[in-house]
Amino acid sequence: MSLAAVDPEIAELIKAEERRQANTVKLIPSENYVSKAVLEATGTVLTNKYSEGYAGKRYYEGQQVIDQIETLAIERAKALFGVPYANVQPYSGSPANLAIYMAFLSPGDTVMGMGLPFGGHLTHGWSVSATGKWFNPVRYGVRRDTGRIDMDEVRSLALEHRPKLIFCGGTAIPRQIDFPAFAEIAREVGAVLAADIAHIAGLIAGGAHPSPVGHADVISTTTHKTLRGPRGAMLMASTEEHAKALDKAVFPGLQGGPHNHTTAAIAVALKEAATPEFSAYAHKVVANAKTLADELLARGFDLVSGGTDNHLILIDLTSKGVGGKPAAQALDRAGLETNYNTVPFDPRKPFDPSGIRIGTPSVTSRGMGEQEMRQIAAWMDEVVTALAKGDAEEVITRVRAEVSELTRAFPTPGLDG
Ligand SMILES: *Cc1c(COP(=O)(O)O)cnc(C)c1O
């Protein structure tokens, strides 16, 4: 029986979410639209199969097909990123990062990562995360004057605290990560360097951001952000030195059976990411972000670090006289989906911060370009300016209609295409 017949309530809610995704301009930088092929692979009978272990060494019988699927995914990851080792089993980005701790640290050991309010991820040792509770976290940030990572601060903190593990990369960093500089510091203090490329994996695969390969000891990434795959994650490494420790940390250290339907969809996404079309996509994501940033700057928006080199823009709304949360809510009602976010040295509280975070991976997947970026910046300015004046209703209603009209001209991958 079809889903609609078994559970019309859930079927209708899924349809409603499809309509919502098609009919809004998605600017959340960690999201994307997967292709029809990736979507199809996730909804298959592979979800029925248990396969604890690794290809050739499983704890259940009947792995004739699953072994081939997982091996294909691994080989494609190795070829795409130019690494000798990949593990495609982590359930998501957070468990992938936990596996790095499991492989290299004992509870109480020191880990250094970017602080959450500066753009780091929870799993890089933030206080509310297990990684901040069970390990000893040391945090670096950005310079107040440039909004960029201060490598001198990173080095002196590393020399002072001697972390066993250093994370670079994050969730709200609008600039390129200097992997060689991090590698030099990690070498100096004898730390393992982990590059968390969750946000930028697709840009790296497409040649639109430098790669950490050859610099980082271990690389973790989600597969569902710029890489445009299913919700999942991978661990990779520049050498085979740590392969056994990382494999053992994922299984049996942290996880049971891998999600084989996700593994298959990761393999499909990696095949897509190896094409010239995907490389063009990655470069277009960056070009669109630059255009959007320039258009926002021209309208008086204050951007953290003054702009962007990647897919992401962090806006400090203080100069516009509105908070991040009311702005994000008003923009969402206008059909422009963003998220509120802390900005470096934010004087406001994390649940009511000064900024919003936007990005171009999703709009670029829909085929939008320069002209649409200009339009989006103009809409954002209209909504935020009206909100600051305290009467945004009329503007929100008009922009909502204009957004709907624009989205009709740009089909949603996976849904209409
Ligand atoms: C998204 C993200 C993660 C976590 O991924 P989940 O799949 O949400 O667990 C980890 N690190 C960074 C830098 C991220 O951006």
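These are my notebook entries on a predicted model, arranged by what I looked up.

**Entry 1. Domains**

I began with the division of the chain. Domain 1 covers 40-273 and domain 2 covers 278-407. Taken over C-alpha atoms, the centres of domain 1 and domain 2 are 28 Å apart. I then looked up the contact between them: domain 1 puts 28 residues into it and domain 2 puts in 25 residues.

**Entry 2. Largest pocket**

Next I went to the open space. The largest pocket holds about 590 Å³. I counted 23 residues in its lining, and Q21, N32, Y33, V34 and L39 are the ones nearest the centre of the pocket. Two elements give two or more residues to this lining, namely α2 (8-23) and α3 (36-42). Of the elements, α2 contributes the most, with 4 residues. By residue class, I noted 8 nonpolar, 8 polar and 7 charged in the lining of the largest pocket.

**Entry 3. Cavities**

I then turned to enclosed space. How many cavities of 30 Å³ or more does the model have? The count is 2.

The largest cavity has a volume of about 60 Å³. I listed its lining as G169, G170, I173, R175, I177, D196, I197, H199, I200 and N310. That lining splits into 4 nonpolar, 4 polar and 2 charged residues. The charged ones are R175 and D196.

The second largest cavity has a volume of about 50 Å³. Its lining consists of V88, Q89, P90, Y91, R231, P258, H259, T262, T263 and I266. Here I recorded 5 nonpolar, 4 polar and 1 charged. The charged residue is R231.

**Entry 4. S365**

I looked up S365 as a single residue. S365 sits in helix α14, which runs over residues 361-365. Is S365 buried or exposed? S365 counts as buried because its relative accessibility is 12%, and the cut-off for buried is under 20%.

I then checked what surrounds S365. Leaving out residues up to four places away in sequence, S365 touches N32, Y33, R228, Y281 and P413. With one of these, Y281, there is a polar contact from side chain to side chain at 3.2 Å. I also noted that N32 and Y33, both touched by S365, are among the residues nearest the centre of the largest pocket.

**Entry 5. T291**

T291 belongs to helix α12 (residues 276-298). T291 has a relative accessibility of 15%, so I entered T291 as buried. Apart from neighbours within four places in sequence, T291 is in contact with E370 and M373. I also took a long-range separation: T291 and T47 lie 244 residues apart in sequence, and their C-alpha atoms are 41 Å apart.

**Entry 6. V6**

V6 is part of helix α1, residues 3-6. Where does V6 fall on the accessibility scale? At 53% relative accessibility, V6 counts as exposed, since exposed means over 50%. For V6 I took one separation as well: its C-alpha atom is 31 Å from that of Q255, with the two positions 249 residues apart along the chain.

**Entry 7. Backbone geometry**

I finished with the backbone. Most residues other than glycine have a negative phi, and most peptide bonds are trans. I therefore looked for departures from both habits.

For the peptide bonds, I found a cis bond joining F251 and P252, with omega at about 10°. P252 has its place in helix α10 (residues 243-254).

For phi, I noted R162, which is not a glycine and has a positive value of about 50°. R162 is in the loop between α7 (151-161) and β7 (165-168). R162 counts as partly exposed because its relative accessibility is 47%.

F345 is also not a glycine, and its phi is positive at about 60°. F345 lies in the loop between β14 (339-341) and β15 (355-359). At 34% relative accessibility, F345 is likewise entered as partly exposed.

Notes: Residues numbered from 1 in each chain as written. Predicted model: local features only at pLDDT ≥ 70, side-chain atom pairs only at ≥ 80, totals over all residues. Heavy atoms only, no water. 1 Å grid on protein atoms, 1.4 Å probe; cavity = no way out; pocket = protein on both sides within 12 Å on 5 of 7 lines; lining within 4 Å. Points joined across faces, edges and corners; volume = space filled by probe spheres on them. Buried < 20%, exposed > 50% of the residue type's maximum accessible area, 1.4 Å probe, protein only. Polar contact = N/O pair within 3.5 Å; in protein donor to acceptor, adjacent residues only side chain to side chain. Contact = heavy atoms within 4.5 Å. Domains from an automatic or database assignment.
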